[in-house]
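Hi,

Here is the structure I promised to send over. Have a look at it first, and then read my notes underneath.

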Amino acid sequence: MKALRGLRTLTILSSRTPKPHLSPNLLLCRFYAAQPQQQDDSTTTDSVEDHVDDDAVFDSSQFTLPDIRTSQVSDQSMWDWKYRAKADRTIFGEETQKQESGEEEKKRRAIVLAKALLEAALQKPDEEEDVPVKEEDQKSLSVGVIGAPNAGKSSLTNYVVGTKVAAVSRKTNTTTHEVLGVLTKGNTQICFFDTPGLMLKSRGYPSSDTKARVQSGWSSVGLYDVLIVIFDVHRHLSRPDSRVIRLIERMGAQAHPKQKRVLCMNKVDLVEKKKDLLKVAQEFKDLPGYERYFMISGLKGSGVKDLTQFLMEQAVKRPWDEDPFNMSEEVMKNISLEVVRERLLDHVHQEVPYGIDHRLIDWKELRDGSLRIEQHLITPKRSQRGILVGKKGSKIGRIGIEANEELRSIFKRDVHLILLVRVK
């Protein structure tokens, strides 16, 4: 998979004519940088120490947060009592609900419950955890997820992987770069690549007004083992977009010799009349390029199990590229940027968040196991800096608090997050 990423980067750079005032390194990290960046001499060389009393800095150490290692689990029961009747019907039978509860009935129910628990304890687990798999037995698969903006690509990736790896927002073009999510189950590892939203012109050609990050998405379409083409079926039923239709038709026009493609109708949970889904399936049934069709909800998980099972069956024998037990530092850095970006999109509106240069400046793992993460949000205008900071630092403070809490939850350790807003 590392060779796949390197080939994709070379393809993007070789296809573009470099400008004299832009170096390749600056081009790649202009909007997003996953590695700690050196401070550019041409920009303001502000540091956190220079902004101790400045509202433009959020420092989580200035807030009282519970220690994640010593915080106690709430004693309050998490059982939802509305499921009690359903559980009783499953274990004891529906007829017993109509009977009066006497001593004999309580004894019978206790015996049945004990038998059910014993049978469940004797069953083999669905999958063995933390069991090393020999390299010759390993299977892997690379899966690309493409679609129009706001089709639900990131939501699907997060749900399948089981944790947040990509930012999710109602705003368009939330994903600005390729995001990696890894699912390891048994002897199979699937690497999901969440890509920026792709769009076609009315004539069916890639849109020319897309930025470099979207063009990189087009250049990597043919590099995956399986390609998932996903679209918002709810929006398609209410407001069909000819550009999305042409994207679906172009990807499924003919079978790819080295790649399997599947079409996913997403957001089925929003469709009230389920019969309408059959009409959409009928509309695209004659496209030979798609191996399978799936009706899913990337947010709620409906139909995702069948999709995952299909992908597991497509895996080929080849060594894994990612550690299945430990999250790599590179992935953790990407997640930290994605979480902050998601909160940024939630609280800052209009065109402001899209022009921000978001950089990871410092990443340290401290002796006590906690993480120190410093990120800079660089705005092109001073007025935009004021919008992002908010009155007396209220907005950047809210973004930082919410992002810090989510990072603590994902990494299962204390996180010291520092956000600095400055002008380019």
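Below is what I found, going from the core to a few helices and one loop residue.

First, the ground rules: this is a predicted model, where local features need pLDDT of at least 70 and side-chain atom pairs count only at pLDDT 80 or more, while totals for chains, interfaces and linings use all residues. Residues are numbered from 1 along each chain as its sequence is written, and side-chain values use heavy atoms, with hydrogens and water left out.

The largest nonpolar core (buried Ala, Val, Leu, Ile, Met, Phe, Trp, Tyr and Cys residues joined through side-chain atoms within 4.5 Å) has 54 residues, and F192, L307, L311, I373, F411 and L417 touch the most other members. Buried here means under 20% relative accessible area, with a 1.4 Å probe and protein chains only. Helix α11 (residues 329-347) gives the most to this core, with seven residues. A second, separate core of 27 residues includes F193, V244, I245 and L247.

Helices are DSSP runs of H or I with at least four residues, strands are E runs of at least two, and both are numbered from the N terminus. In α11, 16 of the 19 residues are buried. Its 19 residues should span 27 Å at 1.5 Å a residue (1.5 Å times one less than the number of residues), and the end C-alpha atoms are 28 Å apart, which agrees.

α13 (residues 394-411) passes the same kind of check: 26 Å expected for 18 residues, and 26 Å between its end C-alpha atoms. Its buried residues, including I396, I399, L407 and F411, pack against β2, α11, β10, β11, α12 and β12. K412 follows α13 and has a positive phi, near 55°.

How do α5 and α10 cross? Their axes (lines fitted to C-alpha atoms over the stretch in contact, with angles from 0 to 180 degrees between N-to-C directions) come within 11 Å and cross at roughly 75°. That makes them roughly perpendicular, a label for angles of 65 to 115 degrees. L156, Y159 and V160 in α5 meet V304, L307 and T308 in α10.

Finally, S297 sits in the loop between β8 and α10. Is S297 buried or exposed? With 1% relative accessibility, S297 counts as buried. Beyond its neighbours within four places in sequence, S297 is in contact (heavy atoms within 4.5 Å) with N266, K267, V268, D269, S302 and V304.

Cheers

How values were computed
Buried < 20%, exposed > 50% of the residue type's maximum accessible area, 1.4 Å probe, protein only. Parallel < 35°, antiparallel > 145°, perpendicular 65-115°, else oblique.
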